[in-house]
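Hi,

Here is the structure I promised to pass on. Have a look at it first, and my notes follow underneath.

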Amino acid sequence: MAETKSIPEFPWSEVRRMVKDVYGMIGTPINVGEQVFVATLNVVLNMLWGGTIQGDERIRVGIQFRQLFNEMIELGLKPNISDFFPIFTRFDIQGIEKKSWKIFNEMDRMFDSVIDQHLKLEKGNNGLQQRSSKDFLQFLLELTKKQEFKTQVTMAQLKALLQDVVVAGTDTSATTLEWAMSEVIKNPEVMRKAQEELDEVVGKNGIVEESHMNQLPYLEAVVKETLRLHPAGPLLIPHRSIKSAIVSGYTIPEGSRVFVNAWAIHRDSEAWNNPLVFQLERFLSSDDNLKKYGYTGNNFDYIPFGSGRRICAGTPLAERMLIYVLASLLHSFDWKLPEGGNLDLTEKFGIVLKKATPLVAIPTPRLSNLDFY
């Protein structure tokens, strides 16, 4: 029986497991993006239904998940002839519908398996919960049994919600972490200062804890500057105008789909000095700058998570996870490129702003106490 807790703890153990995996590959080139993707995926899955990818399958299954998410995003961006000529819809000329159904069926099978496990557990316990604290999926399953129209959730809606959370909460965070590690490795002085801060706050005789997060302003600036130059959602989430409006002299007709180009806003020379340069001083020049450029969307020069009522719901999770994972990687290891390796910062533009070339780097342990790995 699982340990009873009144309040579920954040699954930081998944990040420590990532550190252990990386330690098992010290001295060899590793795909950093794949490692952080598996870690963030397991954190999200653990919070949703207390389940993670176990054993030696973690990396392999994590890579498959990432490929699945990439295919889903690419299909969502691909122009569809049927959108312009509806008469061709039933022919699926480009095979987009067929590929989409294949991806959604794979995701559906995964969620069906998890839901079945939860239902069997509940039935086996005669309806009694095994733990005093419920996971997110258990709450949703209870809503499917509600008779009230306003609160009832169908099974299709439940799985759609899980899919949104898993995809949005995993891929964007992993992509941002890969960009952050790329910028840190490209700028050795940044890595040195970040590690000095970690050594002062955490020490080499300890491991990164959640309590350290608010004591790492330099590392927080690394994350914020990464999100400025490489916002995970360069066009944010599309909005739809509920009525016609005029914005800066432009007429936005009712029902229009509107995209906000956060990528361009963050590189606007009127708002930022040397906007194309990775420069942490813009967030550290005064005590107020970290607060001035926060994640709330109140400053329209800096909106990596959007603004207003439609701001990203996962902002608190992303903020905690990005700093914690980055701190763990930099505190535990030194990083360098393979001999003759080239750090390519070319962007692959899409719904999620990915690196065109995966980051491959070699880790070297920094901590003398091997128990920390």
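At what angle do helix α7 and helix α13 pack, and how far apart are their axes? Keep in mind that this is a predicted model. Helix α7 covers residues 155-186 and helix α13 covers residues 315-332; the angle is about 40°, and the axes are 10 Å apart. Angles from 65 to 115 degrees would be roughly perpendicular and those under 35 roughly parallel, so α7 and α13 come out as oblique to each other. Their crossing is right-handed.

As for who meets whom, α7 brings G169, S173, T176, L177, A180, M181 and V184, while α13 brings A318, M321, L322, V325, L326, L329 and L330. Sorted by type, the residues of this contact are eleven nonpolar, three polar and no charged.

L326 in α13 deserves a click. Setting aside neighbours within four places in sequence, L326 is in contact with L177, A180 and M181, and also with L219, V222 and V223. L326 turns up again in the largest nonpolar core, which has 83 residues. The members touching the most others there are M18, W49, M181, L219, L326, L330 and W335. M181, L326 and L330 also belong to the contact between α7 and α13.

Now back to α7 for a charged residue: is D171 buried or exposed? D171 lies in helix α7, and its relative accessible area is 1%; the cut-off for buried is under 20%, so D171 is buried. What does D171 touch, if residues up to four places away in sequence are not counted? The list is F37, R66, F69, N70, I73, V352 and K354.

Just ahead of α13 there is one more spot to look at. C312 sits in the loop between α12 (289-292) and α13. C312 has 35% relative accessibility and therefore counts as partly exposed. From C312 to T296 the C-alpha to C-alpha distance is 9.5 Å, with their positions 16 residues apart in sequence.

Finally, the whole chain. There are 13 helices and nine strands, and 44% of the 373 residues count as buried. Taking contacts between residues at least 6 apart in sequence, 71% join residues at least 24 apart.

Over to you, and shout if anything is unclear.

Cheers

Methods: Residues numbered from 1 in each chain as written. Predicted model: local features only at pLDDT ≥ 70, side-chain atom pairs only at ≥ 80, totals over all residues. Heavy atoms only, no water. Axes fitted to C-alpha atoms, helices over the stretch in contact; angles between N-to-C directions. Helix = DSSP H or I, 4+ residues; strand = E, 2+ residues; numbered from the N terminus. Parallel < 35°, antiparallel > 145°, perpendicular 65-115°, else oblique. Left-handed = near helix turned anticlockwise from the far one by under 90°. Contact = heavy atoms within 4.5 Å. Nonpolar A, V, L, I, M, F, W, Y, C, P; charged D, E, K, R; others polar. Buried < 20%, exposed > 50% of the residue type's maximum accessible area, 1.4 Å probe, protein only. Core = buried A, V, L, I, M, F, W, Y, C linked by side-chain atoms within 4.5 Å.
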